[in-house]
Amino acid sequence: MFDALSDRLQGVFDSLTGKGSLSEKDVDAALREVRVALLEADVALPVVKDFVARVREKAVGEDVIRSVSPGQQVVKIVHDALTEVLAGDDPAPELNLRATPPVAIMMAGLQGSGKTTTAGKIALRLKEKDKKKVLLASLDTRRPAAMEQLQQLAERAGVAFLPIVQGQSATEIAKRAMNAGKLGGHDVVILDTAGRTTVDEDLMGEAAEIARIANPAETLLVADALTGQDAVETAKRFNESLPLTGLVLTRIDGDSRGGAALSMRSVTGLPIKFLGAGEKLDALQAFDARRLAGRILGQGDVVELVEKASEQVDQEEAEKLAKKMKKGQFDMDDLANQLRQLQKMGGLGGVMGLLPGMGKMKKQMAGMEMDDSILKRQEAIISSMTREERAKPIIIKASRKKRIAAGSGVAVPEVNKLIKMHRQMADMMKKAGKGGMKGMMNAMGGMGGGMPGGMDPNKLKALGAGKAAKGEGLPGLPGEGGQMPGLGGMPLGPDGLPIGMPKDGKK
């Protein structure tokens with residue numbers, strides 16, 4: 001969502017970080033660009049003015065002017081200001097469940113904002129992360145099939161659903177839901193209220209009456225981030241009539257300019273509690289202002305990457321692979337498992353978007369094959385192999401390659417690339433088995449003084465900076481010009497790791 005804003009801000013900071021010292025004139029010029037970038041991202045004008053004034057006040061101080069790296073100091077100041085805009089002085093917001101069960105959570109919002117899907121996502125999150133017994137209830141008596149939709153979501157999430165009784169009003173359903181929650185021993189009752197295409201008196205009156213009956217501990221407004229400043233205006237009007245406790249922004253995986261998210265907290269004063277990033281029930285992220293600010297500024301989000309890995313990686317499979325690595329074993333089935341795990345974590349684009357320093361490379365990657373079809377093709381190639389071929393790829397010769405290519409719908413060179421990639425990964429696993437991480441890094445370095453394929457150190461530095469001559473890449477790796485396997489030519493730093501990836505795994 002914040003790609004356009006991130007690109008503009010990266011350009012501004014690049015001009016600052018290259019300077020040995022900063023003058024007040026430099027800061028003013030940079031802040032003019034920041035102001036334009038925020039306005040183009042559809043951030044509310046009062047928020048932009050306040051943000052720029054706050055940054056300028058700190059950026060022209062003596063601490064920055066005399067800093068060893070003034071450009072980096074300004075980046076930190078902007079990061080802190082973004083965090084304050086997104087969350088104020090509040091800690092990372094959590095759902096308030098500190099009440100006598102059943103705790104009511106009321107969902108409000110306009111029709112089409114993703115309210116019903118979000119109710120299902122929160123139910124799944126409460127069940128899996130907080131181990132709560134949840135009851136979902138649909139109070140939407142107006143939209144056709146709204147109740148059936150929530151019932152299906154409840155089944156997918158594995159939580160209880162209040163049976164549908166035709167002819168009941170929303171307030172009657174609310175009373176029945178709270179009684180059912182008590183009798184069923186549920187910890188949480190989530191009430192999905194009706195929406196409208198616009199805010200009107202009937203909608204607000206019904207919502208206020210439901211709030212009076214259920215006395216919810218949380219009243220969450222679900223807003224579609226793609227609607228820009230309209231979402232901010234909707235939040236203001238709901239907040240004037242309902243005791244809202246927090247916001248949920250949906251469709252943040254879309255391509256809007258992101259200004260609504262930056263404006264929402266400042267304009268309404270309400271904390272953003274969750275971000276919806278897709279249609280799947282597990283596509284709900286707890287909001288964290290510092291992490292989101294880091295992603296906007298191209299600093300990645302290693303915490304989320306680790307969380308995704310811990311949720312998606314099969315622990316049993318990981319332990320099996322670790323044992324095989326100790327023996328120096330790594331076959332095609334192991335590679336297929338790695339490809340599947342990568343897809344579960346969001347694919348190449350999803351994972352790389354969370355890595356520090358990758359923001360600068362997005363334009364370079366835009367013209368390359370960075371979609372998940374690469375992973376699926378590679379998995380299809382492996383699936384077209386016999387059990388013996390997967391266990392011993394060395395037996396795959398020309399005739400077998402033709403058969404595998406025909407079976408997976410690719411050309412023979414694609415099969416060659418995958419076999420080459422597997423061979424190099426297997427070599428790394430053998431080195432790691434013998435010498436641990438040091439052995440693996442030596443294997444990644446290849447021959448010639450630790451540089452891949454004996455590559456000239458100056459050329460490697462140029463490659464890491466994205467300035468290598470056309471056709472020059474890391475030798476010996478599959479892909480055009482020796483690109484990293486499956487990544488379409490991602491440049492590496494001088495340490496052999498992706499640019500911005502810290503050696504110790506810390507931010």
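1. pLDDT is the predictor's confidence in each residue, from 0 to 100. The chain averages 74, and 67% of the residues score at least 70. Confidence bottoms out in helix H22 (residues 457-464), with a mean of 42, and peaks in strand S3 (residues 160-161), at 96. Helices (H or I, at least four residues) and strands (E, at least two) are DSSP runs, numbered from the N terminus. Over residues 443-507 the pLDDT is below 50, and beyond near neighbours in sequence this stretch has 117 contacts in the model (contact means heavy atoms within 4.5 Å).

2. Some housekeeping: this is a predicted model, where local features need pLDDT of at least 70 and side-chain atom pairs count only at pLDDT 80 or more, while totals for chains, interfaces and linings use all residues. Residues are numbered from 1 along each chain as its sequence is written, and side-chain values use heavy atoms, with hydrogens and water left out.

3. Now strand S4 (residues 188-192): 5 of its 5 residues are buried (under 20% relative accessible area; exposed is over 50%, partly exposed in between; 1.4 Å probe, protein chains only). Val 188, Ile 190 and Asp 192 point one way, Val 189 and Leu 191 the other. That fits the textbook pattern: in a regular strand the side chains alternate between the two faces of the sheet.

4. S4 has parallel partners. Strand S1 (residues 103-108) is joined to S4 by 5 bridges, with Val 103 partnering Val 188. Strand S2 (residues 134-138) also pairs with S4 over 5 bridges, in the parallel sense, and here Leu 135 is matched with Val 189. (Pairing takes at least two DSSP bridges between the strands.)

5. On packing, the largest nonpolar core (buried Ala, Val, Leu, Ile, Met, Phe, Trp, Tyr and Cys residues joined through side-chain atoms within 4.5 Å) has 76 residues, of which Phe 51, Phe 238, Leu 242 and Met 264 touch the most other members. Helix H5 (residues 70-87) supplies the largest share, 9 residues. Another core, of 24 residues, lies apart from it and includes Met 107 and Phe 161.

6. Not counting residues up to four places away in sequence, Met 264 touches Ala 223, Leu 247 and Gly 269, among others. Gly 269 is in the loop between helix H11 (259-268) and strand S7 (272-276) and is partly exposed, at 42% relative accessible area.

7. Last, helix H15 (residues 332-344): its 13 residues reach 19 Å from first C-alpha to last, close to the expected 18 Å (1.5 Å times one less than the number of residues). Its buried residues include Met 332, Leu 335 and Leu 339.
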